[in-house]
Amino acid sequence: MDLEVDLVVITTFTLTAKRAYTIADNYRKKGIYVVIGGYHASLMPKEVQEYADTVFVGSAEGNWERFLIELENGHPQKVYEEIKLPTSVKLFTIEVYLKIRSIPLLYLCNLVEVVCTNVNLYYRFCS
């Protein structure tokens, strides 16, 4: 936890939230800007705000570039709500999803989280 960085971005499940908060506190004490997102932040944004300078609620992709620009200009928001992106990638994502369906559930959860970002498929979250 002694990395020299300008920005720390943490994504967390509820199960790992306490560890995420410990990491966030460590960097915030050093004056490093901390962002927390992920399923837990989306479910408990007010709690997460106590440990992060900025919280992403929902998927971050639609706001990430905007956040970086606002951070660089010194005026980032405390909370960024998900912006739904166009679903033009839906067919590709569904094809990839179908290809990974045969992977054991332990691995499928992490892959679906990455592959299916911003696409409204019917799958259960792992947390």
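**Notes on the predicted model**

1. The protein chain carries 6 helices and 4 strands. Going along the sequence, these elements follow the order β-α-β-α-α-β-α-β-α-α. Please keep in mind throughout that this is a predicted model.

2. A word on confidence before the details. The average pLDDT of the protein chain is 75, and 65% of the residues reach at least 70. The stretch to treat with care is residues 88-127, where pLDDT stays under 50. The model does have 38 contacts beyond four places in sequence for that stretch. Still, where pLDDT is low, the predicted coordinates should not be read in detail.

3. Some overall numbers for the protein chain. It has 127 residues, of which 31% count as buried. Its accessible surface is about 8,600 Å², and carbon and sulfur atoms account for 58% of that. If you take the contacts between residues at least 6 apart in sequence, 49% of them link residues at least 24 apart.

4. Strand β1 is a pleasant place to start looking. Which of its side chains are buried? Within residues 7-11, Val8 and Ile10 point to one face and are buried. Leu7, Val9 and Thr11 point to the other face and are not buried. This fits the general picture, since in a regular strand the side chains alternate between the two faces of the sheet.

5. Next, follow β1 to its partner. Strand β2 (residues 33-37) pairs with β1 in the parallel sense, over 5 bridges. Tyr33 in β2 is the bridge partner of Leu7. To get from β1 to β2 the chain passes through helix α1 (residues 17-29), and this β-α-β crossover is right-handed.

6. The buried pair from β1 turns up again in the largest nonpolar core, which has 15 residues. Val8 and Ile10 are among the members that touch the most other members, along with Val34, Ile36, Val48, Ala52 and Val55. Two or more residues each come from β1, α1, β2 and β3 (54-57). Helix α1 gives the most to this core, with 5 residues.

7. Val48 deserves a closer look on your screen. Which residues does Val48 contact, leaving aside its neighbours within four places in sequence? They are Tyr21, Ile36, His40, Ala41 and Val55. Of these, Ile36 and Val55 appear with Val48 in the list of core members that touch the most others.

8. Finally, there is a second, separate core of 5 residues. Tyr33, Val35, Phe56 and Tyr80 are among its members. You have met Tyr33 already, as the bridge partner of Leu7.

Conventions:
Residues are numbered from 1 along each chain as its sequence is written. This is a predicted model: local features need pLDDT of at least 70, side-chain atom pairs count only at pLDDT 80 or more; totals for chains, interfaces and linings use all residues. Side-chain values use heavy atoms; hydrogens and water are left out. Buried means under 20% relative accessible area, exposed over 50%, partly exposed in between (1.4 Å probe, protein chains only). Contact means heavy atoms within 4.5 Å. Accessible areas come from the Shrake-Rupley method with a 1.4 Å probe; for residues, only the protein chains shown count as cover. Two strands pair if DSSP finds at least two bridges between them. A crossover is right-handed if, with the strands pointing away from the viewer, the path from the first strand over the helix to the second runs clockwise. A nonpolar core is a set of buried Ala, Val, Leu, Ile, Met, Phe, Trp, Tyr and Cys residues joined through side-chain atoms within 4.5 Å. pLDDT is the predictor's confidence in each residue, from 0 to 100.
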